[in-house]
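Hi everyone, thanks for making time. Let's have a look at this one together, and please stop me whenever you like.

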Number of protein chains: 2
Amino acid sequence: MTGVPPVALAGTGREARLLMRHGRHQGHTAGMAPGHVQGNLVILPQADAADFLRFCQRNPQACPLLAVSEPGDPHLRELGADLDIRTDLPRYRVWRDGVLVDQAADVTGLWRDDLVSFVIGCSFSFEQALMEAGIALRHVDEGRNVAMYRTSIATVPAGVFHGPLVVSMRPLDAASAIRAVQVTSRFPRVHGAPVHIGRPDLIGIADLARPDFGDPVTVLDDELPVFWACGVTPQAVVMAARPAFCITHAPGCMLVTDLLNQQLASF
Amino acid sequence: MTGVPPVALAGTGREARLLMRHGRHQGHTAGMAPGHVQGNLVILPQADAADFLRFCQRNPQACPLLAVSEPGDPHLRELGADLDIRTDLPRYRVWRDGVLVDQAADVTGLWRDDLVSFVIGCSFSFEQALMEAGIALRHVDEGRNVAMYRTSIATVPAGVFHGPLVVSMRPLDAASAIRAVQVTSRFPRVHGAPVHIGRPDLIGIADLARPDFGDPVTVLDDELPVFWACGVTPQAVVMAARPAFCITHAPGCMLVTDLLNQQLASF
């Protein structure tokens, strides 16, 4: 297909999206277009979108909004000049009444003029910043998904949307945990600073070895578990609300944008 | 004494210094000239000053230098236009060969043209920022001195100066500990971010209830001990080196400067 680069050459967000738009890449987006912001996707009918926007506003650490589309508009120009949200992710999940009914590489045929797209920041951005600061990430070193847990911390509800905060956990020694607070505080649009350090039992996590999502990772004796608000929170909240219709990204198959992670740094 | 305000009216650094210069206040400086930077004082002969300056440069979290005088010059204009380091502290300690030989409210009679003054940032500045951020400090609430501990962390030596890092400890719940990292990171010239969180045993502290300096404070079950590098470190290191001659502030009797704490915020 002319003009579509091989995956290994998808150095920009646009190149990555072209691959996916043309069906040349339907897998995970981890490692694609290095340095570029990736985002979680939630698409809802306008009837639910107002409640969900309020939910995101009230829970900014779990739901840091990178962009919200106009109703019916499949473009989000602030994230990419040519971006088409119907075709540019590798894989989508389609939900009706809270039940997964389909997975697809293209949702053009399902598009409606009342659909609003929400793109929510993801931890890939701050993980890059952590690694560039010399902080090793256990799940990366162990080749696993990050460990994620439902907590006893309630999100602030809005309309039909409510539910527990979901967190990701990265074990760090104390000096790295302190440095990680500094580094991730610079990135409020991709979950920002940790929400908890040190005592999983205080936030309703009984056993670190049994995450609710992702994979368990080794926690060494001299390490503190450090917890960040996770983009799985809005997905879990939306599913629990059972909206009549919803489209999300498939796990790990994110929207790759033209923004650079460094553009999100707040100071 | 004409022109010297009562202690309660010492609203500026200059007013506080005037009180002390004229012998009207020889006690602790906590709470004087609210919002103004206070500093630890170490005065050394030029023969030792070069080593000590290198020591401070190599251990910036424990020894954040606010100012260093010219040899023999009792003035430090960057900290106060009229400041006279020989008279402007409430009480001094005089050391010979590492032994405390005198306490005095004025060291003009001991002044020499080879003496170099080092003013080192103190935690009063970041404690104000923490309290303004809504973080309660246990030792303040309990009316005690902050708890301080010798650690197993070695400072980086320079010349005759070497010894363990001394830390202060403030117990905080996890959310406040994270916020405290953010707040104190803005103040690198007054010790900056914590050096450790959570596990005193990992930094050589056997029992939080038995501090090496200051008073023990209550640590609640849901709190983490948060440790900052402490200005007692350089004092302990200087005393251990037994310099032929040395003048320091008496405990709690700091130099009050014209700088505002907020002027030290790095972003």
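Let's begin with what helix α3 of chain A packs against: its buried residues sit against β1 (36-45), β5 (115-121) and α5 (174-185) of chain A. Keep in mind, as we go, that this is a predicted model.

Which residues of α3(A) are the buried ones? The helix covers residues 124-132, and its buried residues are F124(A), S125(A), F126(A), E127(A) and L130(A). As a general reminder, an α-helix has 3.6 residues a turn, so residues three or four places apart point the same way. If you follow the chain onward, α3(A) is followed by G134(A), and the phi of G134(A) is positive, near 85 degrees.

Now let's turn to the two chains. How many residues of chain B are in contact with chain A? There are 16 on chain B, and they touch 16 residues of chain A. On the chain B side, the elements giving two or more residues are α5 (174-185) and β8 (196-197). The largest share comes from α5(B), with six residues. By character, that side of chain B divides into 10 nonpolar residues, four polar and two charged.

And how do the copies relate? Chain B is superposed on chain A by a rotation of 180 degrees with 0.0 Å of shift along the axis, and the RMSD is 0.0 Å. That is the relation of a two-fold axis. Both copies use the same surface, too: 100% of the contact residues of chain B recur in chain A.

That's my tour, and I'm happy to take questions.

Definitions and conventions. Residues are numbered from 1 along each chain as its sequence is written. Chains are lettered from A and ligands numbered from 1 in the order in which they are written. This is a predicted model: local features need pLDDT of at least 70, side-chain atom pairs count only at pLDDT 80 or more; totals for chains, interfaces and linings use all residues. Copies are superposed by least squares on the C-alpha atoms of residues with pLDDT of at least 70 in both. Two residues are in contact if their C-beta atoms, placed from the backbone, lie within 7 Å. A residue is buried if 20 or more other C-beta atoms lie within 10 Å of its own, exposed if 12 or fewer, and partly exposed in between; C-beta atoms are placed from the backbone. Helices (H or I, at least four residues) and strands (E, at least two) are DSSP runs, numbered from the N terminus. Ala, Val, Leu, Ile, Met, Phe, Trp, Tyr, Cys and Pro count as nonpolar, Asp, Glu, Lys and Arg as charged, and the others, Gly among them, as polar.
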